[in-house]
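Q: Please take a close look at one strand and the sheet around it, and then place that sheet within the whole chain.

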Amino acid sequence: MYQYNDNDQTLIEQRAAQFRRQTESFLKGQISDDQFRALRLMNGLYVQTHAPMLRVAGPYGLLNSKQFRKLAHIARTYDKNYCHFTTRQNIQFNWPQLEQVPDILEELASVQMHAIQTSGNCLRNTSSDHLAGVCVDEIEDPRPYCEIIRQWTTLHPEFAYLPRKFKIAVSGAKHDRAATQLHDIGLHLVKNDAGEIGFRVLVGGGLGRTPIIGQVIKPYLEKKHLLSYLEAILRIYNLFGRRDNKYKARIKILVKESGMEQFSELVEKEWLLIRDNLELDAARIEAIKAQFAPPAYEADAAQDTSFAKLQLENKAFSTWVKYNTADHKVPGYRAAFLSLKAPDSPPGDMTDTQLDAVADLADRYSFGEIRSTHRQNLIFADVKQADLFPLWQQLDALKLATPNNSTATDMICCPGLDFCSLANAGTISVAKEINEALDDLDYLHDIGDVKINMSGCMNGCAHQSVGHIGILGVDKKGVEWYQLTLGGSSENEAAIGERLGPSIAKDQVTKAVTTILDVYIKQRLDDESFLDMVKRVGINPFKEQVYANN
Amino acid sequence: MQIIKDKQIIDDSWSYIADDADLKDGDISVSLARWKKDKQMLLKSNSRIGVRIGPADSVEDIAADLKDIQLIELDFPAFADGRIFSHAWLLRGRYNYQGEIRATGHFMRDQVFYLSRVGVNAFSLEKTEDLPVALSNLNDFSVNYQKSIVNLR
């Protein structure tokens, strides 16, 4: 993975020092609440229900064991012994003290981490495919381009006060695992007719109150023009994006209101004027690529026979392998998911003990690297098949081996009303209840690939509008109600879920979910997935049952 | 009144003339609307001329006049209006404006570093007692990932 040079290190240290000064000025009353709000948000600091919440950047989800130990230390020293992984591959601390945040940033800087631009109306952390560089369906590894974009976005002087937040995601594989169609800009590495690799550029996607699927603005962009094209889009957005209404300020609204044709004309005109000054040279790309060279894989890893044997002997192990590991491009290796969706713990949360233990396991089994995923789990990307059994045993002891990857209990869930000051409704307790109702693993595995996403308010941090089953918490006269949607997807055939009907009471949510799953089990065709069935039959069969039972 | 210009605290010689006030001698700046309306009269005067631009104005509107304008004031109605940053970039990077670009209005001293990197070389702060700190804020970072407008070419 990318290692900081002196300039990178100096920059994050100076940023931490700058934030210390800003915090001190605020505490002395020298800058207003409003001003400090903008400054702290650009450093990932929200003021929440109980305490500030600090969001730390996980650059395109890639972290190492040393950084995990630091997160554990921060959780222990400054928080209540845990942290939370987000859908954009970042890490959140829910209980820091404002006065201590500058110290936390210094701690982070000591391991090449920071909280720069993890919130606020600016260019956010770039996210990517959690299987980048190891998956079998890859056109090219997106990580070097993510790093190039990370550097370009970091402290970009012109685009620090955008109309609204701005998120970029990059995918290099045929299967989109990074929800690129639901980002302000989505980039796909693609091959053109001449066999050269460049980018397909999408713009105007986004979730939140007005979920919209991004559209292609440039079917093929040469790599050398990556930054000039991004800059052209950002300049047009910065100049013309709406600033009169924060709910209409995302680029998706600008694209929608001006029309794709007019918007892309503006971008093209701007781009042609700047592109020759902002070319990425091949040497720079190669130098960054070198930082993502494959680790030292063992040539004879596939000759191991224990892996096949142990799967036959141990059903629990083979189930875990089936659900929580993925194919790897190198024979004899697999990628292993660490489930952060144990039945009794809030989705995406990890304790300091788990963080430390995972760091040790990463060192032993996966070249010291750990990735966070869009669905709030972790991955060891490079595990030798012979190591999977001991790894599984140790993960199991840490409650990180629930074999539920991509199943109904692998829920995406925001912190909800328990922690977030924006939320209208609780999520963690509902997730727990759904988990309890789906505690039969055979039933869960029979249902198969069902993605449940649950957000505590319409800001949609947990991407409920693209969940196969989406659950949205709403407030009705001070009471928590939940709006269900069906048929959403954030993958290749991205879709916004359709509303099932009127919102339902909190104590009815779990029953509604199990009713929906029962309808699926009864009416599915042979190998039909849940999403395929919803597409085939529409929402009515589900609606009838859910509201009949209510 | 003092301002920062080219990384020094200096006395300011300019006055802004409101749209309904009479023009006067000396270094004066006017709104873009007034510039468009009274351009010929302003060009005949002995004054050095500045034009004040807000976020909603288009920099393109004065691109052809830049040789006659010695000061452009980029006026922040609110610190979060980031259009100002693109205006500065366009003035320097696209229209090659060589005169003074000054940030005025409601911006924060924590923004002067970014502003300087998009081509703003003078800063008129709301509180003059903030000038020394703002001057030091120009050195908040010694390293950068993007080309500054100052060394674009």
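A: The account below starts from one residue and works outward.

This is a predicted model, in which local features need pLDDT of at least 70, side-chain atom pairs count only at pLDDT 80 or more, and totals for chains, interfaces and linings use all residues. Residues are numbered from 1 along each chain as its sequence is written, while chains are lettered from A and ligands numbered from 1 in the order in which they are written.

A:Pro52 is found in strand β2 (residues 52-56) of chain A. Helices (H or I, at least four residues) and strands (E, at least two) are DSSP runs, numbered from the N terminus. A:Pro52 is partly exposed, with 19 other C-beta atoms within 10 Å. A residue is buried if 20 or more other C-beta atoms lie within 10 Å of its own, exposed if 12 or fewer, and partly exposed in between, with C-beta atoms placed from the backbone. Strand β2(A) is mostly covered, with 4 of its 5 residues buried.

Leaving out residues up to four places away in sequence, A:Pro52 touches A:Leu45, A:Tyr46, A:Val47, A:Pro96, A:Leu98 and A:Val101. Contact here requires the C-beta atoms of two residues, placed from the backbone, to lie within 7 Å. From A:Pro52 to A:Ala282 there are 230 residues in sequence and 43 Å in space, C-alpha to C-alpha.

β2(A) has a partner in β1(A), and the two pair in the antiparallel sense over 3 bridges. Two strands pair if DSSP finds at least two bridges between them. In this pairing A:Val47 stands opposite A:Pro52. β2(A) is also joined to β5(A) by 3 bridges, again antiparallel, and there A:Leu54 stands opposite A:Phe93. In a regular strand the side chains alternate between the two faces of the sheet.

These strands belong to an open sheet of 5 strands in the order β1-β2-β5-β4-β13 (chain A), with antiparallel pairing. Its edge strands, each pairing on one side only, are β1 (45-47) and β13 (349-351) of chain A. The twist averages 30° from one strand to the next. Towards the β13(A) edge, strand β4 (residues 82-85) of chain A pairs with β13(A) in the antiparallel sense over 3 bridges, and A:Cys83 stands opposite A:Met350. Helix α3 (residues 65-78) of chain A lies across β4 and β5 (91-93) of chain A and runs at about 15° to β5(A). Axes are lines fitted to C-alpha atoms, for helices over the stretch in contact, and angles run from 0 to 180 degrees between N-to-C directions.

Chain A is divided into domain 1 (6-109), domain 2 (134-288), domain 3 (310-397) and domain 4 (412-549); these bounds come from an automatic or database domain assignment.

The chain as a whole contains 18 helices and 21 strands. Its radius of gyration is 23 Å, close to the 24 Å that the globule rule gives for 550 residues, so chain A is as compact as a globular protein of that length. The radius is taken over C-alpha atoms, and the rule is 2.2 Å times the number of residues to the power 0.38. Of the 550 residues of chain A, 55% count as buried. Among contacts in chain A between residues at least 6 apart in sequence, 67% join residues at least 24 apart.
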